[in-house]
Amino acid sequence: MPMLSRVAENLYWMARYVERAEDTARLVNVTNHLMLDLPRRQPLMWSAVVDITGGSEDFANLYDQPNDRNVMQFLCADQRNPGSILSALAQARENLRTTRDVVPREVWEATNQLYMTACAQSEAGLGHGRSELFLKQIISGCQMMRGLVEGTLSYGTARTFMVLGRQIERADMTTRILDVRSGSLLSRGPDDIRPFEHLQWMSVLKSLTAYQMYRQHVRLRVRATDVLTFLLQDQNLPRSVTRSLWDASRALMSLPRHERALAAVTQVRADVAEADVGGLVRSPEGLHDFINDLQIGLGDLHDAIRRTYFTPLEAALQMSAA
Amino acid sequence: MSRVDWQQYCSNEFYDELMAAPGMPREAARMLCDVLAGFAPSELAERKTAAEIAIRTMGITFTVYSEGSMIDRAWPFDIVPRIIPADEWRRTEAGLVQRVEALNLFIDDLYHDQKVIKDGVLPAEVLAKSVNFRPQCVGIDPPHGVWAHICGSDLVRGDDGTLYVLEDNLRIPSGVSYMLENRNVTKRVLPELFSSGRILPVDDYVPQLYDMLVSMSPRHSDDPQVVVLTPGIYNSAYYEHAYLAQQMGVQLVQGSDLMVDGDDVVYMRTVRGLTRVDVIYRRIDDDFLDPEAFRKDSVLGVPGLMRAWRSGNVALANAPGAGVADDKVVYAFVPELIRYYLDQEPLLANVPSYLCMREEDRRYVLDHLDQLVVKPANESGGYGMLMGPHATREEREAFAERIKADPRNYMAQPMLKLSTTPTLFDGRPEPRHVDLRPFILSGQGSTYVTTGGLTRVALNKGSLVVNSSQGGGSKDTWIVETEMVETGVVEPGLAETRLTETGGY
């Protein structure tokens, strides 16, 4: 049974929102931990976290101070922030509510439950003692939802669009983290306190739950070039850009009419594979430009998928006529 | 708090579905009442909580509009089921089948020869002023001559114990998903009661619905494309639309997902491109179904859908125009229609009705407004009614003027003493009024009735309003065998004969 374009779009975005909620929860949790290790005077980090999620402008409109309380509230529970965990979960739930007929009932129940738990927890407040529990529940709730999809949804179009959404969001999030975090790390002068740099590169890895895997596979002390290489180019790390894009390519190949989108993803994969990471580490601006290009490439990929599979019929007809 | 004490339960002058008298359960309800009385108060509370949790996690909701915003509410549910003995249900079922068969013949007649009017059974005036008669449908022959494939008739029980038909919903009746979900929740909450095997299952509805829809397909392929057409997530019954599509394994589509091409064929827009659609279970009102044929401003429907239907390229359930028999004035004629079309006596009673278009009835209605319920002919969901005994004098006078201005549009019925059934409040059963909506499917040469139906309950004390948007709730409906059915034992001699016949050469 061929899938409705509207349903495909819903599922694609649903998977993106769940991934976004989980990634944001990881990011906030790791930043929390890092802050405990850093001396108070360390400028960092909370505003950098807001930058990663692309919410700086919204944040400035809603809050005066980028302190931990405000940033936590903004990133976790503020429904006025479309990128907050709660907003992402609300969107995921709403998308699934309109497409409940195509996924196993347990997936909907898990998503619904996760959203209700998140609402209840955030209403009770996200003070210091509670935030860890909240974030862990979000992460495990998202994992469980994905596990249910993995274990119950047939290998077919619905799963394909969910994989696409998840992998594109994941690649996007990884590049964002690299951009903001490494920018602030690399630009620092040689006189800066080294021990903290080491801690911060560890936190970059931990944001992606990649620290242990890094240790297993790289077996070196944590260094900028190695971390960047690992997170950009490793073929086996679930959250590396290369792995995410490879999974997205494979998903695309099972869809009809995939030429345009496949060309877009192939381009980004080539850019990542050919990157001279050592050179990028020596030039923070170069790294920033490189990641900017990757983001544009991911945008093109999304656009190709949207035009091929989601566009309303009228627009599709106009497009083919033009 | 003490255990459930049925001696304390009293429904006064109302017929009670479960209790013949305080402390005396009806036969079909005895097992249930005993089990409930055996629960410790904490256990009863736990079961109730379990039901609430099940409903929340299963996400069983309905949607209400409130001051311009949309709220998705948990489905209000009471764990004490309502029980009907199986032998009574079989008679009721036969009456519903008879009724819906007559109604389908009636609708088909109205869009063809209108013999019913020529023969003087239905006054021409009733048809002339029917707002749900669609001239666009005249002369059309839907598959198997069926117009109302899905009918939801509302039944109520009076204080004499008789089940009356209160109305027939032939447009897009809803509620069947809640009937099915109520059973799922009840099975989770009171599993021990199902082990006796006397409670008849309800699960058959969805396969029956799907088979019926498939049988309507204009293309004789093995795998016709069936879809459910919804107005979208803001519709109060969206939950049900999604549920039915999911359970049938078919696409849930919105108007914007479909298009009709120049050859009058319906397609849906998919990731593969355009795919032909054969059967549409539509949950959009006639008015909004096709802006080319009905309301021009509709954005919910599909332009050209009526062209495709008329050309026989797509089947629609229910057929457009079926609502003509939904008219509450037509309702009063149904017993006559059964006699006229089937040459049978009606098996189910109508609620006594007064038609304001008849002078004598009108005079009676105007003189007794304080005792009657007055209904406009073509509203649904309880809108636009006058509840005479509860209305103020000013309201009654204003209503009298409306009746005089347009008598054809109004009918009246005595205020019914709806039956009650035990419903839990603070761990105690209290009598609350109920109705029942069975669903009837009409397909190729066969008619199917759900086992029981959706029981709706007025949760507010003394209230007769069962609509979920107005403080109503629901409960599971059990059709219960009171006598053990004889198990089919094959006579030994017969079995032996068969054996020799098959093995005999």
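Reader: In which sense do β24(B) and β25(B) pair, and over how many bridges?

Author: This is a predicted model. In it, β24(B) and β25(B) pair in the antiparallel sense, over 4 bridges. One register point helps: B:Thr455 has B:Lys475 in β25(B) as its bridge partner.

Reader: Which strand of chain B is joined to β24(B) by 4 bridges and runs antiparallel to it?

Author: That is strand β21 of chain B, residues 428-437. Here B:Leu436 is bridged to B:Thr455 of β24(B). B:Thr455 therefore serves as a marker: its partner is B:Leu436, and in β25(B) its partner is B:Lys475.

Reader: How should I read the side chains along a strand?

Author: In a regular strand the side chains alternate between the two faces of the sheet. Now take β24(B). B:Leu454, B:Arg456 and B:Ala458 point one way, while B:Thr455 and B:Val457 point the other way.

Reader: Are those residues buried or exposed?

Author: All are buried, on both sides. Strand β24 of chain B covers residues 454-458, and 5 of its 5 residues are buried, so the rest of the structure largely encloses it.

Reader: What does β25(B) do with β5(B)?

Author: The two run parallel, joined by 6 bridges. β25 of chain B spans residues 472-480. For the register, find B:Arg82, which stands opposite B:Thr477 in β25(B). Strand β5 of chain B, residues 77-85, is mostly covered, with 8 of its 9 residues buried.

Reader: How do I read a helix in the same way?

Author: An α-helix has 3.6 residues a turn, so residues three or four places apart point the same way. Try helix α6 of chain B, residues 176-189. Its 14 residues reach 20 Å from first C-alpha to last, close to the 20 Å expected at 1.5 Å a residue.

Reader: How many residues of α6(B) are buried?

Author: 11 of its 14, so to speak of cover: the helix is mostly covered. The buried set includes B:Val176, B:Tyr178, B:Leu180, B:Val185 and B:Val189. Polar names appear there too, among them B:Glu181, B:Asn182 and B:Arg183.

Reader: Where should I look for the nonpolar core?

Author: In soluble globular proteins, nonpolar side chains tend to be buried together. The largest nonpolar core here has 179 residues. A:Leu231, A:Leu252, A:Ile305, B:Phe106 and B:Ile280 touch the most other members. Helix α1 of chain A, residues 5-37, gives the most to this core, with 12 residues. From chain B, domain 1 (219-313) and domain 2 (354-415) each supply at least three residues. Apart from this core lies another, of 63 residues, including B:Ala51 and B:Leu213.

Reader: What does A:Ile305 touch, not counting residues up to four places away in sequence?

Author: Its contacts are A:Tyr12, A:Leu164, A:Ile168, A:Leu252, A:Ala261 and A:Phe310.

Reader: How far apart are the centres of the two domains of chain B?

Author: Over C-alpha atoms, 38 Å separate the centres of domain 1 and domain 2 of chain B.

Reader: How do I judge each chain as a whole?

Author: Start with the elements, then compare the radius of gyration with the globule rule. Chain B has 14 helices and 25 strands. Its radius of gyration is 24 Å, close to the 23 Å that the rule gives for 505 residues, so chain B is as compact as a globular protein of that length. Chain A has 16 helices and 0 strands. For its 322 residues the rule gives 20 Å, and the radius of gyration is close to that at 20 Å, so chain A is as compact as a globular protein of that length.

Reader: What share of each chain counts as buried?

Author: In chain B, 55% of the 505 residues. In chain A, 56% of the 322.

Methods. Residues numbered from 1 in each chain as written. Chains lettered and ligands numbered in written order. Predicted model: local features only at pLDDT ≥ 70, side-chain atom pairs only at ≥ 80, totals over all residues. Heavy atoms only, no water. Core = buried A, V, L, I, M, F, W, Y, C linked by side-chain atoms within 4.5 Å. Buried < 20%, exposed > 50% of the residue type's maximum accessible area, 1.4 Å probe, protein only. Domains from an automatic or database assignment. Contact = heavy atoms within 4.5 Å. Pairing = 2+ DSSP bridges. Expected span 1.5 Å × (residues − 1). Rg over C-alpha atoms; globule rule 2.2 N^0.38 Å.
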